Amino acid sequence: GKWHLGHVNKKHRPTERGFHSFYGIYRGMGTFLTHQHVRHSWRENSWVDVPGEHDFHYDYRDSSTSTFTETRDDVGTHATELFTRAAVTRILDHDTASPLFLYVAYTAPHSPLEPDESVVTSRNSHVSSTERRRYAAMVTQMDDGFGRIVAALEEKNMKDNTVIIFLSDHGAALVKSCWDNVGGSNEPIAMGSLRFLRAV
């Protein structure tokens with residue numbers, strides 16, 4: 001999934017910070033099908049998403065050495081699906097004689113809004129707003145992924161001895177033009193994703 005904790009210096013990458021393997025993006029957000037880094041840019045009085053270089057990696061660690069690779073094999077497959085597949089495979093291949101720590105950091109429903117279009121029409125057509133319907137489809141895809149991960153834990157007879165913690169990295173995007181015109185509110189708890197919580 002999403003790392004976003006440093007990558008330019010290799011010592012800050014996941015396999016140098018305690019993980020045995022990593023599959024995903026190093027940066028804060030990326031396109032969901034072409035797997036390119038995306039940054040917001042202010043142009044002509046509005047925010048636009050600007051795709052940059054490819055950012056999708058499979059890194060792994062053998063004893064004391066990390067191997068860093070860039071993967072392009074999965075271009076065209078939705079990132080949420082790729083992260084789900086990787087998590088399910090990791091669970092099903094795991095030797096249950098030892099514990100497993102699995103951190104799945106989906107990039108959905110982060111900007112840019114690029115859901116699987118079939119999910120938009122088949123499962124979220126009841127949402128009247130076009131942008132919110134697309135956002136809801138991305139949440140639906142993520143929810144389906146959670147379901148498949150839990151099913152893999154059940155298949156492997158690991159679920160009853162597993163702690164599952166669900167967290168969201170921040171609340172609603174407050175600036176519509178910056179976040180694909182979805183917008184939202186985090187009141188009464190917090191003012192936005194860049195401010196600290198006022199209460200818990």
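These are my notebook entries on one predicted model, from the whole chain down to a sheet, a pocket and a single histidine.

**Entry 1: the chain**

I began by counting elements and found 3 helices and 5 strands. Read from the N terminus, their order is β-β-β-β-β-α-α-α. I then looked up burial: of the 200 residues in the chain, 36% are buried. For contacts with a separation of 6 or more, I noted that 51% are between residues 24 or more positions apart.

**Entry 2: a sheet**

Next I asked in which order the strands of the open sheet lie. The order is β1-β4-β5, 3 strands in all, with antiparallel pairing. β1 and β5 are the edge strands; each has a single partner strand, so one side of each has no neighbour in the sheet. I also looked up the angle between neighbouring strands here, and on average they are turned by 10° against each other, direction ignored.

**Entry 3: the pairings**

I took β1 (21-24) and β4 (residues 57-62) as one pair, and they are joined by 4 bridges. Two positions of β1 went into my notes. S21 has Y60 of β4 as its bridge partner, and F22 stands opposite D59 in β4.

I then followed β4 to β5 (residues 65-70), where I found 6 bridges and again an antiparallel run. Y60 is paired with T67 of β5, and R61 with S66 of β5. Y60 thus appears twice in my list, with S21 as a partner in β1 and T67 as a partner in β5.

As a reminder to myself, side chains in a regular strand alternate between the two faces of the sheet.

How many residues lie between β4 and β5 in their hairpin? I found 2 residues there, and S63 in the turn has a positive phi of about 45°.

**Entry 4: the second largest pocket**

I turned to the second largest pocket, which holds about 660 Å³ of space. Its lining has 24 residues. Those nearest the centre of the pocket are S21, F22, R90, L102 and Y103. I recognised S21 and F22 from the sheet entries, where S21 pairs with Y60 and F22 faces D59.

Which element gives the most to this lining? It is α1, with 6 residues. I noted that α1 spans 79-93 and that β1 and α1 each supply at least two lining residues. Sorted by class, the lining comes out as 15 nonpolar, 6 polar and 3 charged residues.

**Entry 5: H7**

Last, I looked up H7, which sits in the segment before β1. Is H7 buried or exposed? Its relative accessibility is 17%, so H7 counts as buried, the cut-off being under 20%. Leaving out residues up to four places away in sequence, I listed what H7 touches: H12, R13, Y26 and R27.

**Entry 6: looking back**

For the record, β1 comes up in several of my entries. The segment before β1 contains H7, β1 is an edge strand of the open sheet, and β1 supplies at least two residues to the lining of the second largest pocket.

Technical notes:
Residues are numbered from 1 along each chain as its sequence is written. This is a predicted model: local features need pLDDT of at least 70, side-chain atom pairs count only at pLDDT 80 or more; totals for chains, interfaces and linings use all residues. Side-chain values use heavy atoms; hydrogens and water are left out. Buried means under 20% relative accessible area, exposed over 50%, partly exposed in between (1.4 Å probe, protein chains only). Contact means heavy atoms within 4.5 Å. On a 1 Å grid over the protein atoms alone, a cavity is a set of points where a 1.4 Å probe fits but cannot get out, and a pocket is an open set with protein on both sides within 12 Å along at least five of seven lines; lining residues have an atom within 4 Å of a point. Grid points are joined across faces, edges and corners, and a volume is the space filled by probe spheres set on the points. Ala, Val, Leu, Ile, Met, Phe, Trp, Tyr, Cys and Pro count as nonpolar, Asp, Glu, Lys and Arg as charged, and the others, Gly among them, as polar. Two strands pair if DSSP finds at least two bridges between them. Axes are lines fitted to C-alpha atoms, for helices over the stretch in contact, and angles run from 0 to 180 degrees between N-to-C directions.
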